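Student: I have a structure to read and I am new to it. Where do we start?
Tutor: Let us take it feature by feature.

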Protein chains: 2
Amino acid sequence: MKGDLLPATQATAPTGSRRALIAGFATELFHRKGYAATSMRELASVSGIEAPSLYNHFSSKETLLHEICFGMADAFVSTAQRIAAMDLPVEDRLARAIEEHLRLLFSDREAVGVFVNEWRHLSEPSLQTFKSLRSDYEQFFAGLFQEGMQKGVFRQGDPLWLGRQLLLLMNGSVHSTARPDSEALADLGRRFYSLWMHGVASPTNQPD
Amino acid sequence: MKGDLLPATQATAPTGSRRALIAGFATELFHRKGYAATSMRELASVSGIEAPSLYNHFSSKETLLHEICFGMADAFVSTAQRIAAMDLPVEDRLARAIEEHLRLLFSDREAVGVFVNEWRHLSEPSLQTFKSLRSDYEQFFAGLFQEGMQKGVFRQGDPLWLGRQLLLLMNGSVHSTARPDSEALADLGRRFYSLWMHGVASPTNQPD
DNA sequence: TCCAAACATACGAACGATCGTTCGTTCGCG
DNA sequence: CGCGAACGAACGATCGTTCGTATGTTTGGA
């Protein structure tokens, strides 16, 4: 009854966008309740249609998860490639990587939440691919730290460990930070960069 | 047939421990597959009994989650209270807090995984209590940073933000770090403390 | 010391609910 | 006329949980 009226007046024009709309609702639900705890009927309900109609747009529940996870993963990886190719000092490339990672992070916090927490529900062929992309991205950050150590601008340490920790920190910050405008986001990037570079000790207290 | 023989020979002694054993299996499953994606029948299967028998030990599926989550939460909060009462310089209390948090973290990584990721599936009366305990613990770390800033040993910043970020970082490290022995664990604590205090920049590169 | 009542723990059967998904159909737009 | 997109009905599977029951152990009164 409700689903009849809408498609009657706007069938073709928003028909392509209905798919994207559903994907958005799915993102919100997967993020808030988790993939396994979200039912197709509930997704249909918030989308304003009945459950079987979802299958006109997505061939399965996991297809939705797949699109969300790989959409974010591709965005992260391609950004990393762009920054890696820049002709900048390594610490500036780190600052850029932090900045761009945060920008992506806050451009769609719900999708990021799914990307970070729900990927394990992907099934096997996709799961391996996803892990591989993730590993690539970690290696990009590890590479920045390694290069910085070789050039003496960073102190010695485990580059991969540092890369993973930095990613962990930024990804998690999505939960505990209010939505920033573009200025607050740049400020957040500087905070992360400063915290990571110099720590919390006051300048007068820097030992070693 | 299999469940008959075991209780026949060892009925009273491990009868109390069967409960703990099931809780352990539940922890492992909730951690690996997620609470919503774990069925009572599967838990029963790995426990070596049938699903209805679980209800002789736990009154519901959520009771299992409740025990795991609040068991960890209580451990964290009581540790925080112990450290807060110590008569030590604030930066040493921070180091101790990091060390003890890591010790708890790695004392039962699976329980910690459930504690960190699955608490949202608690239902309402417990959910509020859990969030409250969590907030107490965050405030403990925030308090350390705030005190350190007042005494000039830490540079200025948002104490609550810093506390949450530090917790985020340590909690997440459970996934990306191999199981440490007690020495490696102490070393990990020093790594966190140093990273947090002084950052990654090499000493010759410390500006500000 | 012995027997019976009480208890703890396991089981198979089964309940109603809900799950993801398929099917056949209808209906309006191009 | 065909096609995309919606629907109701319904499929088999699985969900958390309850029930009645069997069996072994513990316990307490005669």
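Student: Take helix H3 (residues 40-47) of chain B. Which of its residues are buried?
Tutor: One point first: this is a predicted model. The buried residues of H3 in chain B are B:Met40, B:Leu43, B:Ala44 and B:Ser47.

Student: How do I read that spacing?
Tutor: Start with the general idea. An α-helix has 3.6 residues a turn, so residues three or four places apart point the same way. Now the case here. The buried residues of H3(B) cover an arc of only 100 degrees around the axis, so they sit on the same side of the helix.

Student: Which residues are exposed on the other side of H3(B)?
Tutor: B:Arg41 and B:Ser45 are exposed there. Then look just past the end of the helix. B:Gly48 follows H3(B) and has a positive phi of about 85 degrees.

Student: Now chain A. How many helices and strands does it have?
Tutor: It has 9 helices and 0 strands. Along the sequence, the pattern of chain A reads α-α-α-α-α-α-α-α-α.

Student: What share of chain A is buried?
Tutor: Chain A has 208 residues, and 45% of them count as buried. Its exposed surface is about 10100 Å², with 53% supplied by carbon and sulfur atoms.

Student: And how do its contacts run along the sequence?
Tutor: Take the contacts in chain A between residues at least 6 apart in sequence. Of these, 69% join residues at least 24 apart.

Student: Can we see that at a single residue? Where is A:Phe141 found?
Tutor: A:Phe141 is in helix H7 of chain A. Its relative accessibility is 0%, so A:Phe141 counts as buried. Set aside its neighbours within four places in sequence. A:Phe141 is then in contact with A:Ala97, A:Gly163, A:Leu166, A:Leu167 and A:Met170. Look at A:Ala80 as well. It lies 61 residues from A:Phe141 along the chain, yet their C-alpha atoms are separated by 8.5 Å.

Student: Now a loop residue. Is A:Leu122 buried or exposed?
Tutor: Buried: A:Leu122 has a relative accessible area of 4%. It is found in the loop between helix H6 (109-117) and H7 of chain A.

Student: Which residues is A:Leu122 in contact with, beyond its neighbours within four places?
Tutor: The list is A:Glu62, A:Leu65, A:His66, A:Cys69, A:Phe70, A:Leu127 and A:Phe130. Take A:Leu65. It is 57 residues from A:Leu122 along the chain, and the two C-alpha atoms are separated by 7.2 Å.

Student: Next, charged side chains. What is the general idea?
Tutor: Side chains of opposite charge can pair when their charged atoms come close. A search of the whole structure finds 22 salt bridges over all chains.

Student: Show me one within a helix. How far apart are the closest N and O atoms of A:Glu28 and A:Arg32?
Tutor: They are 2.8 Å apart, and the two residues form a salt bridge. A:Glu28 and A:Arg32 are 4 residues apart in helix H2 (residues 15-33) of chain A, which means that about one helical turn separates them. A:Glu28 is partly exposed at 25% relative accessibility. A:Arg32 is also partly exposed, at 48%.

Student: And one between helices?
Tutor: A:Arg164 and A:Glu138 meet in a salt bridge, 3.1 Å from N to O. This pair links distant parts of the chain, 26 residues apart: A:Arg164 is in helix H8 (residues 159-176) and A:Glu138 is in helix H7 (residues 124-150), both of chain A.

Student: How accessible are these two?
Tutor: A:Arg164 is partly exposed, with a relative accessible area of 29%. A:Glu138 counts as buried, at 14%.

Student: Any other salt bridges to look at?
Tutor: Try A:Lys151 and A:Glu147, with closest N and O atoms 2.9 Å apart. A:Lys151 counts as exposed, at 58% relative accessibility. Then look for a network. Salt bridges link A:Arg82, A:Arg96, A:Glu99, A:Glu100 and A:Arg103.

Student: Last feature. How many cavities of 30 Å³ or more are found?
Tutor: The search of the whole structure finds 1. The largest cavity has a volume of about 40 Å³. Its lining is B:Ala73, B:Phe76, B:Val77, B:Phe115, B:Leu133, B:Arg134 and B:Tyr137. Helix H4 (61-84) and helix H7 (124-150) of chain B are the elements that give two or more residues to that lining.

Definitions and conventions
Residues are numbered from 1 along each chain as its sequence is written. Chains are lettered from A and ligands numbered from 1 in the order in which they are written. This is a predicted model: local features need pLDDT of at least 70, side-chain atom pairs count only at pLDDT 80 or more; totals for chains, interfaces and linings use all residues. Side-chain values use heavy atoms; hydrogens and water are left out. Buried means under 20% relative accessible area, exposed over 50%, partly exposed in between (1.4 Å probe, protein chains only). Contact means heavy atoms within 4.5 Å. Accessible areas come from the Shrake-Rupley method with a 1.4 Å probe; for residues, only the protein chains shown count as cover. The arc is that of the directions from the helix axis to the C-beta atoms. A salt bridge is a side-chain nitrogen of Lys or Arg within 4 Å of a carboxyl oxygen of Asp or Glu. On a 1 Å grid over the protein atoms alone, a cavity is a set of points where a 1.4 Å probe fits but cannot get out, and a pocket is an open set with protein on both sides within 12 Å along at least five of seven lines; lining residues have an atom within 4 Å of a point. Grid points are joined across faces, edges and corners, and a volume is the space filled by probe spheres set on the points.
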